[in-house]
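The following exercises concern the packing and the sheet of a single chain. Work through each task with the structure in view before reading its solution.

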Amino acid sequence: PSDIEKLYCREYELIGSLLVLFIGLDNIERNGAFDVMPKGVDLGAKSFDKLSVAPKAKRFNAVGTGSFTGLIKQCWNPVLRNAFSHNRTDFDCTTQVIRTLREDGTNDSRGNTYLLEMVRDCILMAREIMVIRDIPFHWKRPVVTIGLNADVHARRKSWCTCASIIVLGV
């Protein structure tokens with residue numbers, strides 16, 4: 001399953017990188033400026049400029065906290081991703097279970113998963129990446145306002161599997 005592990009980690013990292021865009025959009029909608037960070041959410045940075053160098057794991061705390069980050073559905077397991085990245089996993093070929101291991105070699109059951117579940121999560125993360133990709137670039141018209149627009153929401157339902165609202169448009 002090493003190829004699946006690499007895919008899982010790459011998708012996780014990509015979502016973490018793309019979250020910066022959505023955090024900025026949430027900041028604009030909430031505070032009228034991209035660099036005014038949300039209160040009460042530990043993103044590992046007190047300014048938007050520092051967000052790009054903050055740990056990606058902290059950025060995931062923003063998921064669901066605003067209109068744009070709320071469009072992303074969490075379908076990843078940070079414990080599993082960390083175990084893959086630090087080569088602390090064990091795969092049982094008979095049961096198809098991937099076990100995550102602590103530094104001392106004991107099992108950390110929070111990250112245990114079946115291979116098939118991990119493949120499903122890779123597919124779900126790929127879907128979330130497509131949602132993230134399509135949101136800002138879906139509309140051909142220039143973005144004039146950020147606010148609730150029922151027409152945009154109706155059109156979005158036709159191309160996105162997520163039931164959340166997106167509010168970009170004229």
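**Exercise 1: The core**

Leaving aside neighbours within four places in sequence, determine which residues are in contact with Trp76 in this predicted model.

*Solution.* Step 1. Apply the contact cut-off, heavy atoms within 4.5 Å. Once neighbours within four places in sequence are set aside, the partners of Trp76 are Tyr8, Tyr12, Ile15, Phe60, Val63 and Met125.

Step 2. Place Trp76 in the largest nonpolar core, which has 34 residues. Trp76 belongs to the group that touches the most other members, together with Tyr8, Ile15, Phe22, Ile23 and Leu51.

Step 3. Assign the core to helices. At least two core residues come from each of helix 1 (2-31), helix 2 (48-51), helix 4 (78-85) and helix 5 (115-137). Helix 1 provides the largest share, with 9 residues.

**Exercise 2: The sheet**

Establish the strand order of the open sheet and identify the strands at its edges.

*Solution.* Step 1. Begin with strand 1 (residues 89-92) and strand 2 (residues 97-100), an antiparallel pair joined by 4 bridges. Thr89 is opposite Thr100, and Phe91 is opposite Ile98.

Step 2. Examine the hairpin of these two strands. It has 4 residues between the strands, and Gln96 adopts a positive phi near 65 degrees.

Step 3. Extend to the open sheet: its 3 strands follow the order 1-2-3 with antiparallel pairing. Strand 1 and strand 3 (113-114) each have a single partner strand and therefore occupy the edges, with one side of each lacking a neighbour in the sheet.

Step 4. Add the helix packing. Helix 4 lies across strand 1, strand 2 and strand 3, at about 85 degrees to strand 2.

Terms used: Residues numbered from 1 in each chain as written. Predicted model: local features only at pLDDT ≥ 70, side-chain atom pairs only at ≥ 80, totals over all residues. Heavy atoms only, no water. Core = buried A, V, L, I, M, F, W, Y, C linked by side-chain atoms within 4.5 Å. Buried < 20%, exposed > 50% of the residue type's maximum accessible area, 1.4 Å probe, protein only. Pairing = 2+ DSSP bridges. Axes fitted to C-alpha atoms, helices over the stretch in contact; angles between N-to-C directions.
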